[in-house]
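User: I should like to learn how to read backbone angles, surface patches and pockets in a model. Could we take them one by one?

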Amino acid sequence: MTSPDHAFRLDLTPTPSSFHRWWRIDNNLGPGLWYVTFNGDTPAEIVAGLTDALIRPEPEEPAPSVIEVLTSHGWEHTTSETGSQRLTSTDAIIQVELYVSPSLGVMGWEIEAAHHHGEHGPEQRIWRAHLDAATPAHLLAAVAEAISNPTPVLRARFKINDSAHLTQGPEFAIGSEVVSAHKKRLAEARRHRPKPHLTTAVTAPALPRTAAPARPAR
């Protein structure tokens, strides 16, 4: 998909493994090229957190930083000797890291959800995302809000991962609820969609018709 002004592009490339990068959003125009990727198992609400923010007008006020958003929700924040920043969710499932290379500088944000984050890295990964260091601040903040939003999500019975951290509510028919939420999001997106430019067609003046010369009789 390409935005109406051709400034942004969204690619969805499914692969046999859902852990590979399926989603890629980037910009084609303007200074500071950036890109964001999500793997196939990333919850739709998190991908939508970025795409919804992308189609809305950019806020006039400076956006809060990823660290400000996540620490306001109680996430643990640590800083390494190299300047890398790591934030861990209150249930220890998600880690968000701004990796700083001693030789290359800031490498961007890595987000990984896993059942366990051990000394040697994540174990039993659930989903993963990468946000380029040049990603606009308001988009970074939108993703941070999406991954720390405590609002319950709707899932079908067989679409729920087993986890000791998961709290399930009462079961009920969610079909109409999902459709209603989807329509609400579409309506909000269309409200911000640029209006087409109306143009008036100019009709060329009609040329006078001339009679064809008569054919000579044989």
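Analyst: Certainly. Please keep in mind throughout that this is a predicted model.

User: Which value does phi of H6 take, and where is H6 found?

Analyst: The general idea comes first. Most residues other than glycine have a negative phi. In this structure, phi of H6 is near 60°, a positive value. H6 is found in the segment before β1 (8-12). With a relative accessibility of 54%, H6 counts as exposed, because exposed means over 50%.

User: What is phi of A92, and where is its place?

Analyst: A92 also has a positive phi, near 65°, and is not a glycine. This residue belongs to the loop between β5 (85-88) and β6 (94-101). Its relative accessible area is 40%, so A92 is partly exposed.

User: Which residues make the nonpolar surface patch?

Analyst: To belong to a patch, a residue needs over 30% relative accessible area. Here Y99, L104 and M107 make a nonpolar patch of about 310 Å². M107, in strand β7 (residues 105-118), is partly exposed at 34%.

User: How many residues line the second largest pocket, and which elements contribute to it?

Analyst: A pocket may be read through its volume, its lining and the chemistry of that lining. The second largest pocket has a volume of about 230 Å³ and is lined by 13 residues, with R86, Q95, E97, E112 and P122 nearest its centre. Two or more lining residues come from each of β6, β7 and β8 (121-131). The largest share, five residues, is given by β7.

User: What classes of residue form that lining?

Analyst: The lining has six charged, four polar and three nonpolar residues.

Note on methods
Residues numbered from 1 in each chain as written. Predicted model: local features only at pLDDT ≥ 70, side-chain atom pairs only at ≥ 80, totals over all residues. Heavy atoms only, no water. Patch = residues over 30% accessible without salt bridge, like charges linked within 9 Å, V, L, I, M, F, W, Y side chains within 5 Å. Areas by Shrake-Rupley, 256 points an atom, 1.4 Å probe, with all protein chains shown as cover. Salt bridge = Lys/Arg side-chain N within 4 Å of Asp/Glu carboxyl O. Helix = DSSP H or I, 4+ residues; strand = E, 2+ residues; numbered from the N terminus. Buried < 20%, exposed > 50% of the residue type's maximum accessible area, 1.4 Å probe, protein only. 1 Å grid on protein atoms, 1.4 Å probe; cavity = no way out; pocket = protein on both sides within 12 Å on 5 of 7 lines; lining within 4 Å. Points joined across faces, edges and corners; volume = space filled by probe spheres on them. Nonpolar A, V, L, I, M, F, W, Y, C, P; charged D, E, K, R; others polar.
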